Structures are given as C-alpha cells and as structure tokens.
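Biologist: Could you walk me through this one? I'd like to hear the reasoning behind the labels, not just the labels.

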Amino acid sequence: MTTLPPDARTGGRILVDQLVRHGVGHVFCVPGESYLAVLDALHDATIPVTVCRQEGGAAMMAEAQGKLTGRPGICFVTRAPGATNASAGIHVAQQDSTPMILFVGQIERGMREREAFQEIDYRAAFGPLAKWATEVDDAARLPEIVSRAFHVATSGRPGPVVIGLPEDMLTELATVADAPPYAAVSPAPAARDLAELGRLLASAKAPVAILGGSTWTADAASAFARFAEAAALPVAASFRRQMLCPATHPAYIGDLGLGANPRLLQAVREADLVIMVGGRFSEVPSQAYTLLDVPVPTQTLVHVHPDTGELNRVYRANVPINAGAAAFVDALDALDPATLGAEARRARMDALHASYLAWSDPAPLRSPARLHMGEVMAWLNAHLPADSILCNGAGNYATWLHRFYRFPQYGTQLAPTSGSMGYGVPAAIGAQRLHPGRTVVAFAGDGCFLMHGQEFATAVQYELPIIVVVIDNGMLGTIRMHQERHYPGRVSSTTLRNPDFVAYARAFGGHGERVETAEEFGPAFERARASGLPAILHCLLDAEALTPSASLTQIREQALQAKG
Ligand SMILES: Cc1ncc(C[n+]2csc(CCOP(=O)(O)OP(=O)(O)O)c2C)c(N)n1
Ligand SMILES: [Mg+2]
C-alpha cells in the first residue's frame, strides 16, 4: 500500500473543500457517473444536497437561491445531456444577472476531441451563454479557478459561470492549499458623480428613478425608498423587479413590465431626468426601446450600473456612474434631500402613486370568468405574510400577479426577466430550501407547470410545503393571444389537453385541490397551507379571460376589424 503525502486530496475533495471555504449553503444536482468523486466528497461534507429530477430544474433552483442571497447558487450536472438540459437555467442567470456556478462532469482528458461518449466543448457551447465558461485541467489549480469563479459570478454585473470537470482530474491526487473565502468587488460612485446628481435633481421638475438589476440588498432597497420619498423622486420598478420598492410606499409608481400602466409610460416619456439604478433598461422595460431614444435620450440620463460595459452601451448617459446598486445607495448619504427641490415635485409624485394604486386595484375590472384572477390576487394581498415569496415562469397568468399583487418588501419575488417558462416550481423549491418557515407560492400556467412539474417530486422528497397555483386555461394563452392579434381566428398549435392536476399532486404524495371560483380560492389555499404538504391548487380559468383588461373574443374582434 502506498502512503500518500499528508495532505494530498483528490480533485473531488479539493473542489468540495473550496465550496465549504466559500460558504456554500446548498448544492442542487442531478448525479452522473462523470463526477462520482465529487458526490463522494459531498458524502462527508456538511453542505445539504438536493437531488433533482431534471437538470433544467436543478439549475433554476440554484439560480433562484442566487437571486435571493446575492451569493452564487451552486449546481452539479453530468456531461453533455445534463449540461444541455441545465442550459435553460444558465440562460435565466445570464439575462437576470444572477450569480451562479454550474459544475459539469467532463470526459477524461486523454480522450478529448474524439467526440467521446457525451463529449462537448463547454467553453465553446457555454461561452456565449454564460458570463464565463472554462474547464479545469489540473486538480492543483482547483482552488485558483473556483475562487475566480466565485469572483466572476458576483463582481461587476453578476452572472453564471460554467466549469467543466474532467473525470480523471477529479480522481487525481494533488497537494495544494485552499483559497480564502471570496469577497465580491462592488464599485462605488465618485464624490463628483454624487455632486452632479444632486445638481440635476435640485433643478429637475419631473424626475423618475427606475430600479433594476441584481446588486441590491434589503437595506439598500429600504434606504432608497426613504431617500426617494424625502426627495419627492417617483420610483418605478423595472420588468419583474417589483420587490425593489414596497408597492404601498408613497414614492412607488409601478413597474415597467408587459402591459404597463399608460400613465406610468407617459411619466417616463415626459420626465426631464431619468435615474436608472442597477439595471440595463433592456427590451421589455423600455417597451421595445421606445421610452428612451437610442442612443441619445431626450431626457437627461443618470445611469448607475456595476459594469462599465453596460454604461453607454445602448443609451448615452449624461452622468454614467459605475457602481453597484447597494454601493450607490450607501453613497446617497452625501446628498441632503432638503436641498433637492422636493417640495415643488411632491404633488406630481403623489398623483403618480395614486395612479399606480388605481391601476393595481382589480375591483373595477370585470372578468368573463367564474374564477376572477384579480380577486385571487386581492385575497393573496390580504392574507399572505409580508415575507412570502412569489414565483412564476412565463405566461399570461403572470400578468395578474405582476399587476395586482403588491410586493411588500425585498426578497419576495422570483420571476425570470428572461421570460423562461417552467421557472416557478423550481424557483419555489430553491426558495423553500433556503427559508423553510416562509410561505412560498409558485404560479404556473398549464403549459408552464409541465415544463418542470416533475420537480414536484423533489418538493415531496424534501418535505417542502410549496403551494403551486396552476392556472389552467387549456392553452398556451400568451401565444394564442399573439395569434389572435396577428392571425385572428386561426388557432394553431396552442391548445392543450391537460391531466387532472389534483390527482397528479396526490399521486406524488402532496395535497391537491380543484378551484373553480374566486370564493373557493381562499379556503383551498388555507387547507393547502394547513396540510403542511407540497400542494397544487388546480385553478380552472375560462379561456375568455385572456388578459386582465381584454377577453379573447375582444382581442380577436379588434384584429378582424383592423384587417377590415
Ligand atoms: C421555455 C419557453 N418555451 C416557450 C416560450 C414561449 N411562450 C411564452 S408564454 C407561452 C405560453 C404559456 O402558457 P401557459 O403556461 O399555459 O400560460 P398562459 O399564457 O396560458 O397563461 C409560451 C409557449 C417561453 N417563453 N419559454
Ligand atoms: Mg395556459
């Protein structure tokens, strides 16, 4: 028997030791024979592991944890078939600027370039999809490369890193020291930037702030809301970033998502000063790049972003500020709101906030459905604890959530700005793993749910009492809506025949309820909560209730009339 040098470790163990050093709290995975040495090292580590049913869901769970914590979510998958499945979650992390690291098993080093079993080149395949894609060739370099991955994922504009792990590298022995825990680098604004912002605000008659991106904290969101109120600076949220400002805060004026309040859009168009904090103001929030002119907006623009590559990329800013959102908000202490001309603007801010409150009140809207989604949202507003986490994927069902649910605080929203179907259930699992005591609700359409509905088994396995609200309208409603607008009456490939989701929930070992009216929703939700089990509320929505404001028939008839 050979004696090992005292501290020689396998690549697999060195890797897991690095995860422990960097403070990783959870790992999501679908196992593969390509990374057995890592699984073996995890056997002895204290990091909880969640075994998932499909890599797309596993990656989205990790991404959701990255969103909630600001620390990289961690996912392990096997070679090509696992990696390509996981790419769905990598894309969410990239568009949503979420820190995460995907570790992928790889073939043995000596077989490269033969198209060996499940071989793909991760640098080439994930290069354009991730913030950084690499492979580790030498077990002794794991501390260096893993440390770099944590820094790349969290610094500047956060994003996903993909790391290939050749199987023989993971069983190789190496003697190497661990790296110290990572410390994210967040740029802070210069004093002259703050002074310039102060001058611009003091003379602005109709300013608006637009909050987005992923470099916020709960404290920063609260502090910005306080500053905005004192400075009479109306605050809009970017697409699916409602949690950055409490909905009932006097400065909040709504979100720039799909189907935004026309009064809000007008306020941005007519603004004399736009302060974009943290986000890119990409296609959806900018209403297809129409709210601000490209490349030179008519509004004076202050753009705060952690990545210099985003500043002046689409919009030329009068004052580009290279800073993370939280660091920027810290620096706002340098400005005295009393000197910023607030009083002259207060009536405008109050009017915009009132417009938001009216827009987000479902009561005046009639619905052709027995199940009025607006009433469901009103019930949730009234009954959910403030720290409940609401998750969704993509589909028209999400428009009710995002218009009528009043997100009360930071850390309560998991919604892919990438518009990825299937995200709600895995995101809810990632969230409930992190916060076992909080109410976690996943919204999914009938199309959306079955993209990652198999992960309901993961919720059952780990006893995670997520509540999945499946909104079943028997179709891929969003695409049907676009069809009716562009090709009225010509329904093509958008109809679905669905299973009984109540039976589905029960077969998996969860709680299931069928909901046909808004009155049934509240009691069913309470029974689901009381069951302590993962639950599905199978909500039947009339196909006519296609959007909060227009029915399917109205949309079709408008399109037919327009065609003459
Ligand atoms: C992964 C993925 N595939 C396809 C789409 C295109 N898409 C957007 S919404 C949608 C329909 C969603 O249907 P459903 O979940 O039933 O919600 P509904 O619109 O009916 O409320 C589709 C197919 C997408 N956004 N993501
Ligand atoms: Mg549907």
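Modeller: Sure. Helices (at least four residues) and strands (at least two) are DSSP runs, numbered from the N terminus. Keep in mind that this is a predicted model.

Biologist: Okay, then where is Pro306?

Modeller: Pro306 sits in the loop between strand E13 (300-305) and strand E14 (319-322).

Biologist: What makes Pro306 count as buried?

Modeller: Buried means under 20% relative accessible area. Pro306 has 7% relative accessibility, so Pro306 counts as buried. Not counting residues up to four places away in sequence, Pro306 touches Gly156, Arg157, Pro187, Thr215, Gly278, Asn322, Ala323 and Gly324.

Biologist: And how far apart are Pro306 and Arg53 in space?

Modeller: Going C-alpha to C-alpha, 35 Å, with their positions 253 residues apart in sequence.

Biologist: Let's try Ala80. Why is Ala80 called buried?

Modeller: Use that cut-off of under 20% again. The relative accessible area of Ala80 is 12%, so Ala80 is buried. Ala80 belongs to helix H4 (residues 80-96). Leave aside neighbours within four places in sequence, and Ala80 is in contact with Gln118, Ile120 and Tyr122. Leu197 is 117 residues from Ala80 along the chain, and their C-alpha atoms are separated by 49 Å.

Biologist: On to the helices. Why is H13 called oblique to H14?

Modeller: The axes of H13 (residues 373-383) and H14 (residues 397-404) come within 9 Å and cross at roughly 45 degrees. Under 35 degrees would count as roughly parallel, over 145 as roughly antiparallel, and 65 to 115 as roughly perpendicular; the rest is oblique. That crossing angle therefore makes H13 oblique to H14. The crossing is right-handed.

Biologist: Which residues make the contact?

Modeller: On the H13 side, Met373, Gly374, Met377 and Asn381; on the H14 side, Trp400, Leu401 and Phe404. By class that gives 5 nonpolar, 2 polar and no charged residues.

Biologist: How do you know that Asp446, Asn473 and Met475 coordinate the magnesium ion (ligand 2)?

Modeller: Donors are N, O and S atoms within 2.8 Å of this metal. Asp446 (OD), Asn473 (OD1) and Met475 (O) coordinate the magnesium ion (ligand 2) at 2.0 to 2.1 Å. In sequence, the donor residues are spaced D-x26-N-x1-M. Asn473 and Met475 are both buried. Water is not among the atoms, so sites may look incomplete.

Biologist: What is unusual-looking in the backbone, if I go hunting by angles?

Modeller: Take Glu113, where phi is near 75 degrees, a positive value in a residue other than glycine. Arg240 has a positive phi too, about 60 degrees, and is not a glycine either.

Biologist: Where do those two sit, and which is buried or exposed?

Modeller: Glu113 lies in the loop between strand E5 (100-106) and helix H5 (122-126). Exposed means over 50%, and Glu113 is at 75% relative accessibility, so Glu113 counts as exposed. Arg240 is in the loop between strand E10 (235-237) and strand E11 (252-255). At 7% relative accessibility, Arg240 falls under the 20% limit and so counts as buried.

Biologist: What makes the peptide bond from Val294 to Pro295 cis?

Modeller: Its omega is near 0 degrees, and the bond is cis. Pro295 is found in the loop between strand E12 (273-277) and E13.

Definitions and conventions
Residues are numbered from 1 along each chain as its sequence is written. Chains are lettered from A and ligands numbered from 1 in the order in which they are written. This is a predicted model: local features need pLDDT of at least 70, side-chain atom pairs count only at pLDDT 80 or more; totals for chains, interfaces and linings use all residues. Side-chain values use heavy atoms; hydrogens and water are left out. Axes are lines fitted to C-alpha atoms, for helices over the stretch in contact, and angles run from 0 to 180 degrees between N-to-C directions. A crossing is left-handed if the near helix is turned anticlockwise from the far one by less than a right angle, and right-handed if clockwise. Contact means heavy atoms within 4.5 Å. Ala, Val, Leu, Ile, Met, Phe, Trp, Tyr, Cys and Pro count as nonpolar, Asp, Glu, Lys and Arg as charged, and the others, Gly among them, as polar. Donors are N, O and S atoms within 2.8 Å of the metal (3.2 Å for Na, K and Ca); water is not among the atoms, so sites may look incomplete. Buried means under 20% relative accessible area, exposed over 50%, partly exposed in between (1.4 Å probe, protein chains only).
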